[in-house]
Amino acid sequence: MTDHLTNVTYDSLTSGTIHIAYSPAEIGCTHPNCTLSSAIVVPLMIKTRIIGTLKMYYTTPTYHPDTSDIAFAQGLANLFSTQLELTEIDEQRHLTEAAKMQALHTQINPHFLFNTLNTISSLIRTNPELARRLLIKFSQMFRFTLQYTGRVITIEKEWAQVSGFLEISIARHGDKLFVTHNIDPAIFSYGIPSLTLQPIIENSIKHGLQPREVGGSITIEGTMTDTDIIITVTDDGVGFQGDPDYYLEHPPQGHIGLSNVHQRLRGLYGAPYGLAITSVPEEGTTVVIRIPKVQPESNSTPERTE
């Protein structure tokens, strides 16, 4: 089997480290008119198991990959490795709630993945520091999904995840997305099911603001009463066409995010809790998340799945 591998690929697979080829010969390109000048080979891993490699080839004559190229390749490899881990875990999930959660993750990730990679690619030369930061945020987002899926975490941890998502979204959309937030720090120590906020904010961006040529704004507020945590997400987008409550119980194809969050909160905390939506066509939408003010036993308390 190793007869079909180039030396640089074989070295990366056996050592589990990045390898760089600086010439067609090192790449293993024997064609007399080979247009490849250099390459980066990065191992792909699931936990500690090497399952393949990511290869980036360069065709500019005499070009040698620099530190930004290596950081970009490593970031992509980390991202793809995390995705592969998610896929492997998904294949082992059989409980109904876990399947619903993974369906939500599948909806969230693919289009966001490739749009964000395009943004990072455009920044890698013009603003490498921002590109590096976004790669780190991006990898952290997928690691968060892998680590905390199906768990109740602190609102502080959930907000850190959402902040990374928002930073990437603002980089993607530029001046077509303006975000303000006012979160009472007193709520940070209380519990919230992971990936409660991101689907709601993503829904506001995708279905509320993107249809508008000029984009728009999102406001996020977090407060508490004596017994409850209340988080509000408001956008000035195109609004819902029809009764928004209908979408919570009968989500159309490709719009399961809000319904999934609502049903998870109802299943965990009962009918008084979940989402409440008000919307005015062409003016905007407000989604109110209400959950009980309960301190989790730990930062990673599993959600109930029964």
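How many residues apart in helix 5 are Arg-132 and Glu-129? They are three residues apart, which separates Arg-132 and Glu-129 by about one helical turn.

**View 1. A salt bridge within helix 5 of the predicted model.** The side chains of Glu-129 and Arg-132 meet in a salt bridge, at 3.8 Å from N to O. Arg-132 is partly exposed, with 44% relative accessibility, and Glu-129 is partly exposed at 47%. The structure holds five salt bridges.

**View 2. A salt bridge between helix 5 and helix 6.** Glu-167 and Lys-137 pair through their side chains at 3.9 Å, N to O. Glu-167 belongs to helix 6 (residues 155–173) and Lys-137 to helix 5, and the two are 30 residues apart. Glu-167 has a relative accessible area of 23% and is partly exposed; Lys-137, at 26%, is partly exposed.

**View 3. A salt bridge between two loops.** In the pair Asp-236 and Arg-212, the closest N and O atoms are 3.6 Å apart. Asp-236 lies in the loop between strand 8 (228–235) and helix 8 (244–249), and Arg-212 in the loop between helix 7 (197–209) and strand 7 (216–224), so the salt bridge ties together parts that are 24 residues apart in sequence.

**View 4. The largest nonpolar core.** This core has 62 residues, and Phe-138, Ile-201, Ile-220 and Leu-275 have the most contacts inside it. Helix 5 (residues 128–148) gives the most to the core, nine residues. At least three residues come from each of domain 1 (7–105) and domain 2 (108–292). Beyond its neighbours within four places in sequence, Ile-201 has contacts that include Val-162, Phe-165 and Ile-220.

How values were computed
Residues numbered from 1 in each chain as written. Predicted model: local features only at pLDDT ≥ 70, side-chain atom pairs only at ≥ 80, totals over all residues. Heavy atoms only, no water. Core = buried A, V, L, I, M, F, W, Y, C linked by side-chain atoms within 4.5 Å. Buried < 20%, exposed > 50% of the residue type's maximum accessible area, 1.4 Å probe, protein only. Helix = DSSP H or I, 4+ residues; strand = E, 2+ residues; numbered from the N terminus. Domains from an automatic or database assignment. Contact = heavy atoms within 4.5 Å. Salt bridge = Lys/Arg side-chain N within 4 Å of Asp/Glu carboxyl O.
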